[in-house]
Amino acid sequence: MPIVAPCEAKTNTTPDFPMGWFSVARANELSIGGVKRVVAFDRELALYRTESGVPVVQDAFCPHLGAHLGVDGRVVGERIQCPFHGWEFGKSGDCESIPYCEEIPSRAKLRTWPTTEKNGEVYMWFHPENSEPQWEVPELAELGHPDWSSPRHAEFDVPAHVQDIAENSCDPVHFAYVHRQPDVPPSEVTVEDNGRILHLHSDASQAEIPSQLHATVYQPGFALVRNTYGPGAEMVVYNSAQPVSRHETRMRWTLTVRREIEELAGDEVMNGIISGLGDDYPIWANKVHRHRPIFCKADDTLVTFRKWVRQFYIKPMAASGNTESIANYSA
Ligand code: FES
Ligand SMILES: [Fe+2]
């Protein structure tokens with residue numbers, strides 16, 4: 001007699017964290033000498049900016065007696081000082097000074113995560129084995145360009161894994177049901193030759209306001225969506241993610257539009273994005289992650305997404321799902 005498997009809601013099928021660059025703060029939230037507690041990848045982290053202006057992300061707990069460096073830690077020159085007994089750690093993570101002892105234990109180190117600052121954000125490179133970055137964060141040419149409006153920002157905590165949020169953009173069918181858009185334009189998902197960057201094209205030339213949508217997904221948690229309504233009428237929405245845990249992701253949105261249409265596309269667009277996420281919210285908050293989704297023949301964009309996303313995991317099969325159903329319906 002076959003044994004009935006436990007209810008899926010009680011089994012944990014959510015993937016681990018993918019590798020990539022993930023935003024941990026807006027750059028203007030971190031002044032010189034500023035120290036912040038950050039929770040990302042189910043880890044406690046300390047984010048700080050040294051006197052010379054360099055942002056640093058390190059594991060938060062002091063190797064001495066475990067104080068949290070992101071809570072009342074202090075920047076001293078290029079180091080962070082622990083609030084408990086004053087040990088100081090450099091940007092490499094090594095303990096460089098113990099105020100009451102000459103000799104520094106060789107194991108007194110903090111794990112340091114590669115960090116960069118671009119596009120008005122601070123990003124950290126996450127890799128489950130803490131290995132070196134494999135690509136760079138793209139620089140967004142529209143931000144700060146005189147032809148484009150000053151950026152508008154929004155933040156939203158989403159009760160979903162970062163992969164599921166990325167998958168949503170390759171899921172045209174859900175727009176009809178979740179977002180109540182009756183005429184979902186035809187969409188195509190392709191992957192660049194290098195294999196890493198995924199593109200989604202949606203042809204809304206038949207819509208009430210005709211447009212072309214092009215999303216460039218650089219990795220799960222980092223995407224740029226460009227809407228073109230005509231010459232000089234363009235809008236760019238860029239989103240970057242902070243995976244807080246496997247069930248929660250902080251999304252940071254940045255919107256800029258060509259000056260020509262600034263009056264038409266501003267706060268309203270940003271509010272539309274936020275309310276769109278509100279539509280997705282109950283689905284995300286209550287769904288399970290399917291390792292082995294049963295795809296139908298018309299789910300080709302989702303199949304492409306699942307194949308593409310494997311590369312961001314060091315254990316790809318466990319992370320991305322059912323090779324069988326992908327094989328069945330691959331184009
Ligand atoms: S716990 Fe950090 S110096 Fe003691
Ligand atoms: Fe959605």
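Which residue of S9 is the bridge partner of Gln58? Keep that question for the sheet stop below; the tour starts with the whole chain. The model is predicted.

**Whole chain**

Show the complete protein chain as a cartoon. You should find six helices and 18 strands. The radius of gyration is 22 Å, close to the 20 Å from the globule rule for 331 residues, so the chain is as compact as a globular protein of that length. Align the view to the principal axes: the C-alpha trace spans about 70 × 70 × 35 Å along them. Colour by burial next, and 32% of the 331 residues come out as buried. In a contact map restricted to separations of 6 or more, residues 24 or more positions apart make up 55% of the contacts.

**Two domains**

Select 20-126 and give it one colour, then 152-320 and give it another. These are domain 1 and domain 2 in the domain assignment of the protein chain. Their C-alpha centres are 32 Å apart.

Now select the residues where the domains meet. On one side are 11 residues of domain 1, in contact with 14 residues of domain 2. Strands S1 (20-26) and S2 (35-40) each supply at least two residues of the side of domain 1 that touches domain 2. S1 gives the largest share of that side, with six residues. Coloured by class, this side of domain 1 shows six nonpolar, two polar and three charged residues.

**The four-stranded sheet**

Keep S2 selected and add S3, S4 and S9. Together they form an open sheet in the order S2-S3-S4-S9, paired antiparallel. S2 and S9 (112-113) are the edge strands, each with a single partner strand, so one side of each has no neighbour in the sheet.

Zoom in on S4 (residues 55-59) and S9. The two strands run antiparallel and are joined by two bridges. Label Gln58 and look across to S9: Thr112 is its bridge partner, which settles the opening question.

**Helix H4**

Finish at residues 300-309, helix H4. Is this helix mostly covered or mostly uncovered? It is mostly covered, with eight of its 10 residues buried. Show side chains for the buried set: Thr301, Leu302, Val303, Thr304, Phe305, Arg306, Trp308 and Val309. When rotating the view about the axis, recall that an α-helix has 3.6 residues a turn, so residues three or four places apart point the same way. The buried set includes the consecutive run from Thr301 to Arg306.

Key. Residues numbered from 1 in each chain as written. Chains lettered and ligands numbered in written order. Predicted model: local features only at pLDDT ≥ 70, side-chain atom pairs only at ≥ 80, totals over all residues. Buried ≥ 20, exposed ≤ 12 C-beta atoms within 10 Å, placed from the backbone. Domains from an automatic or database assignment. Contact = placed C-beta atoms within 7 Å. Nonpolar A, V, L, I, M, F, W, Y, C, P; charged D, E, K, R; others polar. Rg over C-alpha atoms; globule rule 2.2 N^0.38 Å. Pairing = 2+ DSSP bridges.
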